[in-house]
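I set out to record, entry by entry, what I looked up in this structure. The sequence and the model come before the notes.

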Amino acid sequence: MTANGRIGDDGVDDPRTVVISSPEELIASIPSMLGFPPGPGSVVVICGRTADGHAGPVVRMDVDGLLGGPGSPPGEGDGRDGADGRDGADGRGGADGRGGAEDCRSGEGEPSPVVADDGPARGLARFCSREGVADVHLVVVHEDCADGHSAGLRAEDAAAAFEYWLGLAGTQVVGAFGVGEFAHGSPWVDLFGMVRGTQVDPDSTEIAAVHAFDGRVRAGSRAEIERLYQVRDHGACDDDPHGRGPARLEGALEVDRAVRAHEDAERRLEDGEELDDDELAGIGRVLLDIAVRDEVYRRLAHRGLCDRDGRRLLWWSLARRRPGRERSVALLLLGAAAYFAGSGVHARSALEAAVAADPANSLARLLLHGLENGLAPERLRRVAAA
């Protein structure tokens, strides 16, 4: 299979691709694709090309019952972790769209295996049917599944459930592998065959090298990424000094002036300067104006973030130091940047933190809805840029 190496700084797909030619490399690439190593009880699905020719997402799902005990809480088993990086993973992690595999059930064939909850498999099949994904690879993460008989059977049954529902949607499972963890020398097993082997170093893959070159840092877990967007600086302002009313600037000239002030703050941060609390408060306040926020969002869609981008530095400062509504807009913009770049897990973590900071942030909720329903980053970017 092939996977796009990265997103260009202009938000356009970089033409460079990475060719994955062995199970060992496929398995070892998953932590870099997702941005963290998935834990036991999850299934990772690497989707092939969609009907429109775009590389499909890499999706991680918690499968309730896979570990033989209480599984993930309701709502966590629907494929909502997008993947980090533009395919190998493009953040379209939602696999719970309408129509598709569930409508394909006709009573023909054998019933699907029922050992773990097959809701995630049905949701993924709906997504693949809607997007025209022709083929996928599966990796089931279960402790001892490569060596233990009972664990191996559970992993096989989980893979068989995915194969069944995806088959009804017209999507072929090209390969299914079981692992207990992602580490150099750890065993892997072909869940549909007799082949087994040992893993290569996850840091040695070509995708890992591409991400390291682009300055992406792989987290130790999904929880670590979520905590990143919840951190507040010591002495952060938590009380909104402006009340709860909407911010409104008078006329296009005022909006343009506010956007220029935002860009000036970006440039200063890129040059190594710092913003004092009063300046940061002024930027945070004008971002509450919908026209200003939307113009900053539109420009972000035209030009994604690079590693030392002043916008990233500014939004992180706002998110960590300003009160709820201003923090929410900054997190929204960080989440949108991650979404545009195909980093589904970062997008979800940032957008959920944005909604927690301000439940009235309707744009953050809208982007979360798009993520859950598999709206591709390139489509979202086109809409935002317009």
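**Strand pairing and helix contact**

I began with a single pair of residues: Val44 has Arg60, in strand E4, as its bridge partner. I then looked up the strands around that pair. Strand E3 covers residues 42-47 and pairs with E4 in the antiparallel sense, over five bridges. I note here that the model is a predicted one.

**Entry on E4.** I asked whether the residues of strand E4 are buried or exposed. E4 spans residues 58-62, and five of its five residues are buried, which leaves the strand mostly covered. I next sorted the residues by direction. Val58, Arg60 and Asp62 point one way from E4, whereas Val59 and Met61 point the other way. Both sets are buried, the charged Arg60 and Asp62 included. I recalled the general rule that side chains in a regular strand alternate between the two faces of the sheet.

**Entry on E6, E7 and E8.** I turned to a second group of strands. Strand E6 (residues 172-179) runs antiparallel to strand E7 (residues 187-190), and three bridges join them. Within this pairing, I found that Val179 has Trp188 of E7 as its bridge partner. I followed Trp188 further: in strand E8, its bridge partner is Gly197. Trp188 thus appears in a bridge with Val179 and in another with Gly197. E8 comprises residues 196-198 and pairs with E7 over three bridges, again in the antiparallel sense. I also recorded that E7 and E8 form a hairpin, with five residues between them.

**Entry on H7 and H8.** How do the axes of these two helices cross? Helix H7 (residues 251-270) and helix H8 (residues 277-286) have axes that come within 10 Å and cross at roughly 135°. The two helices are therefore oblique to each other. I noted the hand of the crossing as left-handed. I then listed the residues that meet. From H7 these are Ala258, Ala261, His262, Ala265 and Arg268, and from H8 they are Glu279, Ile283 and Val286. The residues of this contact divide into five nonpolar, one polar and two charged.

**Entry on the whole protein.** I closed with the totals. I found 14 helices and eight strands in the protein. Of its 386 residues, 54% are buried. Among contacts with a separation of 6 or more, 71% come from residues 24 or more positions apart.

Key: Residues are numbered from 1 along each chain as its sequence is written. This is a predicted model: local features need pLDDT of at least 70, side-chain atom pairs count only at pLDDT 80 or more; totals for chains, interfaces and linings use all residues. Side-chain values use heavy atoms; hydrogens and water are left out. Buried means under 20% relative accessible area, exposed over 50%, partly exposed in between (1.4 Å probe, protein chains only). Helices (H or I, at least four residues) and strands (E, at least two) are DSSP runs, numbered from the N terminus. Two strands pair if DSSP finds at least two bridges between them. Axes are lines fitted to C-alpha atoms, for helices over the stretch in contact, and angles run from 0 to 180 degrees between N-to-C directions. Angles under 35 degrees count as roughly parallel, over 145 as roughly antiparallel, 65 to 115 as roughly perpendicular and the rest as oblique. A crossing is left-handed if the near helix is turned anticlockwise from the far one by less than a right angle, and right-handed if clockwise. Contact means heavy atoms within 4.5 Å.
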